[in-house]
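I opened the model and kept notes as I went. These are the entries.

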Amino acid sequence: MATCPPHPYARGPVDGAPAAGPLRHAHWWQRAWVRYGALTTLLAISGLVILALVREETGTEGFLVGLGLATLPVPLLIAAFRWLDRVEPGPWRNLLFCFAWGACAAALIAIVANSFATRWIATATADPSSADTLGATVIAPVVEETAKAAAVLLVFLFRRRDFTGILDGVVIAGVTATGFAFTENILYLGTAFGTDQLTGGTGIASVTAATFFVRIIMSPFAHPLFTVLTGIGFGISALAADRQHIRRVAFPLSGLLLAMGLHAMWNGSSAFGEYGFFAVYAAFMVPIFGLLTWLVIWTRQRELKTVRTELPAYAVAGWLSPVEPYALGSMRARRIARQYARRHAGRAAARQVAQYEGYATSLAFLRHRGRRGRAGADFAVRERELLDELWRRRETARPALDHAARITAPPVPVAAPPWPVYGAYGYGYPTSPATHATPTATPYPAYNPYRS
């Protein structure tokens, strides 16, 4: 539950936390820098190997052409996933890891495993054409989706605080798949360019133009769409309580199987006849894309509602001002608050406001999980950490959020409602029905750091 803020403010031991015992030295493999170093080395080696393989396949000129064309959809996809993650933005290091894993490690695993499996099937059956079809429709979906899901699993296990729900799963899986598609597009576009160099194809009728149209224009979201199903499974698992072991395992596996199935259908569309690709695209890909888009936007609105529902308890306890739960539960008010801080105090103040918004959102989600019995044993410690972070930024963030709340507040009805109203926006402290203005009592002095 929320606790009253310290006055005067001072950091100290968290109430209820166990007393610190003797320090234990971690083994060398448990040190953070060792893990980071090993992971960075793995990704770097994978990147160098995949670079050499793709360049050998496409040639230097084809590689450069493929690289330039494959880069085009990446900023748009990353921006879209980052936009979805604006309610509780995850750290950039997680996204960089996911993109690097998809572009380097997952791509390398896919190239090696797919080539080995296809050659083995061709040797065993003495039918190379059937081996290629089987490899594309069965082997490739299993290998590629499993390789991409490994990044989601790693973030889920080792960055658990940053993985709290469905949107986190969608963003992490989507960025991983964007990295994978980036490398795959370099290979396909570079190979197509090499084919045109041999056959003399140019212009719209070239293989490069056709490949660009199919992979970059029509289906840049294909790989993210497949892997997002896995991410949703992990997101549902993150919402489950620790004792719900079956649910925590079943949903990620179900999401992975759905991703493999949709991927297999997409790869096998060419076997459905001349217009099989367009039939699968219209009948499955577009509707599923629309459904998932609706799901993530609905989930985002639900998260904002959770912020508005959970934070008033901290406003009553004095940690937040009465209007902050409303402002923090509105993406428009958040944006106005950051703009106000940047206009009056510079970019550093805007960053502090953005950090304040992120910590407040994490606090709301933590309390929501606690009320539903899904919080971990470190609930009290984590709650106090987040409250401390908010308290240190309050003098910068509070005036900006108060300004945003005034700008975005819905009109207040003239007639008093038949139930008690708390605060100017429904939270915190009593307001006079005649004025409908600022709260009659606040826990802090009216301090504005933007005034000289």
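I started at Ile45, which sits in helix 1. Ile45 joins Val49, Leu53 and Val112 in a nonpolar surface patch. Together these residues have about 300 Å² of accessible area. Helix 1, residues 32-71, gives three residues to the patch, the largest share.

I then checked what I was working with. The model is predicted. Its mean pLDDT is 82, and 83% of the residues reach at least 70. I marked residues 7-23, where pLDDT stays under 50. The model has ten contacts beyond four places in sequence for that stretch. Residues 414-452 also have pLDDT below 50. Here I found 67 contacts beyond near neighbours in sequence.

Next, the fold. I counted 14 helices and zero strands. Of the 452 residues in the chain, 47% are buried. Among contacts with a separation of 6 or more, 76% join residues 24 or more positions apart. The chain exposes about 23,700 Å², and carbon and sulfur atoms supply 65% of that area.

Which residues touch the most other members of the largest nonpolar core? I found Phe163, Val170, Trp266 and Met285, in a core of 58 residues. I followed Met285 outward. Leaving out residues up to four places away in sequence, Met285 touches Phe221, Ala222, Leu225, Phe226, Leu262, Trp266 and Val280. Another core lies apart from this one, with 37 residues. Its members include Val323, Leu363, Leu387 and Leu390.

Last, the charged pairs. My search of the whole structure gave twelve salt bridges. One of them joins Arg371 to Glu310, with the closest N and O atoms 2.5 Å apart. This pair links distant parts of the chain, helix 13 and helix 9, 61 residues apart. Are the two partners buried or exposed? Arg371 is exposed, because its relative accessible area is 51%, and the cut-off is over 50%. Glu310 counts as buried, at 2% relative accessibility.

I looked at Glu357 and Arg338 next. Their side chains meet in a salt bridge at 2.9 Å, N to O. Glu357 lies in helix 13 and Arg338 in helix 12, so the pair ties together parts 19 residues apart in sequence. Both residues are buried.

Glu389 and Arg393 form a salt bridge at 2.6 Å, N to O. Both lie in helix 14, four residues apart, about one turn of the helix. I noted Glu389 and Arg393 as buried. I closed with a network of salt bridges that links Arg161, Arg382 and Glu385.

Terms used. Residues numbered from 1 in each chain as written. Predicted model: local features only at pLDDT ≥ 70, side-chain atom pairs only at ≥ 80, totals over all residues. Heavy atoms only, no water. Core = buried A, V, L, I, M, F, W, Y, C linked by side-chain atoms within 4.5 Å. Buried < 20%, exposed > 50% of the residue type's maximum accessible area, 1.4 Å probe, protein only. Contact = heavy atoms within 4.5 Å. Patch = residues over 30% accessible without salt bridge, like charges linked within 9 Å, V, L, I, M, F, W, Y side chains within 5 Å. Areas by Shrake-Rupley, 256 points an atom, 1.4 Å probe, with all protein chains shown as cover. Salt bridge = Lys/Arg side-chain N within 4 Å of Asp/Glu carboxyl O. Helix = DSSP H or I, 4+ residues; strand = E, 2+ residues; numbered from the N terminus. pLDDT = per-residue confidence, 0-100.
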